[in-house]
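The following paragraphs lead through the cysteines, the aromatic rings and a surface patch of one protein chain. Please keep the structure in view while reading.

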Amino acid sequence: MLTHTEQGMTPSRSMADIANTAQLVSLWLTTKRSKESHRAYETDIRCFVAFLLGQNPLQVRLNDIDLRTVTINDVQAFADFLETHPTKTGLPLAPASRARRIAALKSLLNYGCKIKYLYFNAADDTLLPKTKDRLAERILSEVEVMTMVALTTNERDKALIQFIYYTAARVGEVAQLRWRDLRASRDGQGQVTLFGKGEKSRTVLIPKKVYKALLALRSASDTKDTAVFKSRKGAAPLRERQIRDIVAAAALKAGIQGKVSPHWLRHSHASHSLDRGAPVQLVQQTLGHTSLHTTSRYAHAKPSDSSGLYLPG
């Protein structure tokens with residue numbers, strides 16, 4: 001492909017020392033806080049490069065394409081390809097997966113424009129696929145949550161599941177939890193300061209029984225900087241993947257179908273607390289939602305009334 005210089009266009013001065021696609025992607029990834037997601041983001045971009053070259057994503061090199069030559073037609077063709085091309089399952093990618101890949105490309109090109117490496121975002125006008133709202137499918141019943149807790153015999157794992165459910169903590173917030181983040185509150189309760197999405201902190205109360213279970217995990221040698229949830233191999237904190245595995249195993253033991261993750265417990269916290277009369281503003285504060293509209297989705301996911309109930313039966 002021709003570069004802008006070869007096409008007779010004078011390149012603008014970049015705000016960063018970037019000479020190629022690989023360097024742009026590397027710098028772009030530093031703006032993404034979740035290290036766990038870096039590989040997925042890079043894979044999404046490799047899929048785009050592979051599509052343009054007609055090659056296998058595992059074999060392409062990022063520098064095989066100059067992103068300054070990418071056109072709107074290229075991006076739209078990629079979106080059409082994702083929608084129609086069968087995968088190993090024989091079916092095209094699910095809308096959510098397609099949306100993630102296009103969103104990653106949008107983000108990368110937008111970043112390239114921001115630092116003046118690119119002239120324009122060729123993906124700016126490409127619409128993300130609409131996805132089905134599956135929130136209701138990811139809300140456990142109170143009985144299911146209590147069964148997960150009851151059947152978990154390991155005290156650390158039991159306390160972990162209870163902590164996520166009662167505080168609505170995100171998995172990343174749990175992984176970085178240290179003893180300095182916990183302290184006693186009134187009436188035997190505890191409180192925790194969670195630092196999570198958007199670099200925002202919030203303080204959440206912990207029920208007495210859960211706080212007591214957490215304190216039981218602390219050893220005499222633990223300092224304020226020691227992880228609350230440690231791996232069985234020394235004082236190393238549980239990684240996000242390990243936390244997901246613990247929750248998934250507990251759900252499987254409880255006979256719950258579906259790929260249950262820690263976020264399901266967060267969803268369940270929101271739904272159950274609203275069902276029991278908690279003010280939606282309080283639930284919003286506990287979950288750390290910026291918008292009240294986001295929290296209100298949980299009420300719509302489990303409606304208490306419907307016009308169909310008024311029809312003759």
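A disulfide is a pair of cysteine sulfur atoms within 2.5 Å. In this predicted model, the number of such pairs is zero. Two of the cysteines may still be located by their accessibility. Cys47 has a relative accessible area of 11% and is therefore buried, since buried means under 20%. Cys113, at 22% relative accessibility, counts as partly exposed.

The aromatic residues come next. A pair of aromatic rings is described by the distance of the centres and the angle of the planes. The structure holds six aromatic pairs. One of them is formed by Trp28 and Tyr41, whose ring centres are 5.6 Å apart and whose planes stand at 65° to each other, an edge-to-face arrangement. This pair links distant parts of the chain, as Trp28 belongs to helix H1 (residues 21-29) and Tyr41 to helix H2 (residues 35-53), 13 residues apart. With regard to solvent, Trp28 is buried at 1% relative accessibility, whereas Tyr41 is partly exposed, with a relative accessible area of 23%.

A further group of rings deserves attention: Phe48, Phe51, Phe78 and Phe81 form one aromatic cluster.

Finally, the surface may be considered. Ile72, Tyr119 and Phe120 make up a nonpolar patch there, and together they offer about 280 Å² of accessible area. Within this patch, Phe120 is found in the loop between helix H4 (95-114) and helix H5 (142-151). Phe120 has a relative accessible area of 41% and is thus classed as partly exposed.

Conventions
Residues are numbered from 1 along each chain as its sequence is written. This is a predicted model: local features need pLDDT of at least 70, side-chain atom pairs count only at pLDDT 80 or more; totals for chains, interfaces and linings use all residues. Side-chain values use heavy atoms; hydrogens and water are left out. Rings of Phe, Tyr and Trp (its six-membered ring) pair if their centres lie within 6.5 Å; planes under 30 degrees apart count as stacked, over 60 as edge-to-face and the rest as tilted. Helices (H or I, at least four residues) and strands (E, at least two) are DSSP runs, numbered from the N terminus. Buried means under 20% relative accessible area, exposed over 50%, partly exposed in between (1.4 Å probe, protein chains only). Patches are made of residues with over 30% relative accessible area and no salt bridge: like charges are joined within 9 Å, nonpolar side chains (Val, Leu, Ile, Met, Phe, Trp, Tyr) within 5 Å. Accessible areas come from the Shrake-Rupley method with a 1.4 Å probe; for residues, only the protein chains shown count as cover. A salt bridge is a side-chain nitrogen of Lys or Arg within 4 Å of a carboxyl oxygen of Asp or Glu.
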